[in-house]
Amino acid sequence: MSTPFQVDPEVMGRIRPMQFRDADRVAVLHEAAMGRSLWARLGHRFLVELYKALVDSPFFIGFVYVEDGEVQGFIAGSVDTSTLYRDLARRRMMFLGPAAAVGLLRQPAVALRLLETARYFGRSGAETVTAESLFCSFTEGLRGKRVSGHINKVLFDELRARGHEQVKVTTDADNEAAIRQLKSWDFAEVARFRFYGKDMLTWVLDLTRSPRVEAVFRHPAV
Ligand SMILES: CC(C)(COP(=O)(O)OP(=O)(O)OC[C@H]1O[C@@H](n2cnc3c(N)ncnc32)[C@H](O)[C@@H]1OP(=O)(O)O)[C@@H](O)C(=O)NCCC(=O)NCCS
């Protein structure tokens, strides 16, 4: 069982909800750490449009960590990922479509992977768990210092406050840093699958039983 999370008020004070104006910087951080991910391969412009669309959706919960006047890390979560993506497609396709088209012209092979996305929800397991931590990334100098742990806590507290009992995360099977962090939170590995040509793992945390999670709202409902 994980131990209660020791909160550093200074670190906590540097975390705020993600906003529209953060999209460009968050896209840069996403590309830097997850450049091989499908969304990143559609290019910077697509990622900027994606994050602008996400912050505008009621199904999205995002936080950023700000130090020295600049966003140095972020977490992107959802209350229901399939509904979130449907919401984006319905309301923001006029922005996301052209940006994706530019990316696809540059990397046509990504189109096949996009088609695979439709099958993601059937393959990743834990289908009954709707709440998800989608992406999290910090600048290299801030990794392994439990700063990222704080932003995870903020997301999980928010989900619990909104009544969610579980949260899921999928990772590459070889992402040691992410797996170390998930294990420190007592996430349970519930599925292994192949996706985008990679071995992936699905993890679930019981928010109701974790000594690290408290029901605290810190994010405005859109
Ligand atoms: C994945 C990522 C967010 C993890 O963040 P992190 O800074 O390593 O995480 P933290 O320092 O908050 O937590 C690491 C946990 O592992 C523990 N740990 C054990 N051995 C460790 C070691 N050798 N080094 C670092 N942490 C270690 C820490 O103590 C901590 O547990 P605790 O909260 O119980 O103290 C970060 O590595 C990153 O930004 N990676 C690039 C992007 C990425 O891969 N994102 C995930 C895909 S969505």
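Trainee: Which pocket holds the space taken by the ligand?
Mentor: The ligand takes up the space of the largest pocket. Keep in mind that this is a predicted model.

Trainee: Which elements give two or more residues to the shell around the ligand?
Mentor: Three elements do so: the strand β4 (132-138) and the helices α8 (147-161) and α9 (176-184).

Trainee: How many residues surround the ligand, and which are the closest?
Mentor: A residue belongs to the surroundings if one of its heavy atoms lies within 4 Å of the ligand. Here 19 residues surround the ligand, and Cys 136, Gly 144, Gly 149, Asn 175 and Arg 212 are the closest. Sorted by class, the shell has seven nonpolar, seven polar and five charged residues.

Trainee: Which polar atoms lie by oxygen atoms of the ligand?
Mentor: A polar contact is a pair of N or O atoms within 3.5 Å. Arg 146 places a polar side-chain atom 2.8 Å from a ligand oxygen atom. Ser 184 also uses a polar side-chain atom, at 3.2 Å from an oxygen atom of the ligand. With Gly 149 a polar backbone atom takes part, 2.8 Å from an oxygen atom of the ligand.

Trainee: How much of the ligand does the protein bury?
Mentor: The ligand taken alone exposes 940 Å², and the protein buries 75% of that.

Trainee: How many aromatic pairs are there?
Mentor: The count is eight aromatic pairs. One of them joins Phe 5 and Trp 185, with 5.6 Å centre to centre and 25° between the planes. Planes under 30 degrees apart count as stacked, so this pair is stacked.

Trainee: Why does the pair tie together parts that are 180 residues apart in sequence?
Mentor: Because Phe 5 lies in the segment before α1 (9-12), whereas Trp 185 lies in the loop between α9 and β6 (188-195).

Key:
Residues numbered from 1 in each chain as written. Predicted model: local features only at pLDDT ≥ 70, side-chain atom pairs only at ≥ 80, totals over all residues. Heavy atoms only, no water. Polar contact = N/O pair within 3.5 Å; in protein donor to acceptor, adjacent residues only side chain to side chain. Areas by Shrake-Rupley, 256 points an atom, 1.4 Å probe, with all protein chains shown as cover. 1 Å grid on protein atoms, 1.4 Å probe; cavity = no way out; pocket = protein on both sides within 12 Å on 5 of 7 lines; lining within 4 Å. Sits in = over half its atoms within 2 Å of the grid points. Helix = DSSP H or I, 4+ residues; strand = E, 2+ residues; numbered from the N terminus. Nonpolar A, V, L, I, M, F, W, Y, C, P; charged D, E, K, R; others polar. Phe/Tyr/Trp six-rings, centres within 6.5 Å; stacked < 30°, edge-to-face > 60°.
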